[in-house]
Amino acid sequence: MAKVTLVYWSGTGNTESMAKAVQKGLKEGGAELDFIDIEDGSLNKEKMLACDIICFGSPACGSEQINEDYFEPLMEELGDKLSGKNVFLFGSFGHGDGEFMDTWKEQVLGFGAKMAHEPVIAEEEPEDDMLEKLTEIGKKLAK
Ligand SMILES: Cc1cc2nc3c(=O)[nH]c(=O)nc-3n(C[C@H](O)[C@H](O)[C@H](O)COP(=O)(O)O)c2cc1C
């Protein structure tokens, strides 16, 4: 049974819907899961870093950035501690083209992390087929 931490931020609920779809799959797949809204301050970083899989969800914010208040500082703090970790990135975007995710992936790979699955982005509110895809990914990650 995989130990997983999923941590996300969402302003208007789109990334949260994605997070919940991944959560559903992780649970169905039998993962031992910590599911955390980064704003609530309950993230245990040591426990997260000891997990088999770490899922991070952030929408595109600012100018093709991840959330500036919580996720950017978290990434800066974690840095090389992510080396060798299996990470899955997801998030919603709007008027852009998903560039924020390419930048985020590059950053996380630069820390030495591995992609547990290719990042997934959804334009604004995720459609049902996107949510199903995320649930399937969650199931696979749980194994
Ligand atoms: C302040 C702000 C900045 C944004 N910047 C971008 C951006 O750079 N690129 C983009 O594609 N979408 C951008 N968006 C759109 C959001 O990423 C999009 O609405 C997303 O679905 C929000 O997800 P959430 O509901 O999880 O917060 C921005 C939205 C806001 C409010």
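User: What radius of gyration would a compact globule with 143 residues have, and what does the protein have?

Analyst: The radius of gyration is taken over C-alpha atoms, and the globule rule is 2.2 Å times the number of residues to the power 0.38. For 143 residues that gives a value near 15 Å, and the protein has 14 Å, which agrees. This is a predicted model, in which local features need pLDDT of at least 70 and side-chain atom pairs count only at pLDDT 80 or more, while totals for chains, interfaces and linings use all residues. Residues are numbered from 1 along each chain as its sequence is written.

User: How many helices and strands does the protein have?

Analyst: Helices (H or I, at least four residues) and strands (E, at least two) are DSSP runs, numbered from the N terminus. The secondary structure here comes to five helices and six strands, and from the N terminus on the elements run β-α-β-α-β-α-β-α-β-β-α.

User: At what angle do α1 and α5 pack?

Analyst: Axes are lines fitted to C-alpha atoms, for helices over the stretch in contact, and angles run from 0 to 180 degrees between N-to-C directions. For α1 and helix α5 (residues 128–142) the angle is about 40°, with the axes 6 Å apart. Angles under 35 degrees count as roughly parallel, over 145 as roughly antiparallel, 65 to 115 as roughly perpendicular and the rest as oblique; α1 and α5 are therefore oblique to each other.

User: Which residues surround the ligand most closely, and which element gives the most to the shell?

Analyst: A residue is near a molecule if its C-beta atom, placed from the backbone, lies within 6 Å of it. Here 20 residues surround the ligand, the closest being Gly11, Thr15, Pro59, Gly94 and Gly96. α1 (14–28) and β4 (86–93) each supply at least two residues of the shell, and α1 gives the most, with three. Ala, Val, Leu, Ile, Met, Phe, Trp, Tyr, Cys and Pro count as nonpolar, Asp, Glu, Lys and Arg as charged, and the others, Gly among them, as polar; by class, the shell around the ligand has five nonpolar, twelve polar and three charged residues.
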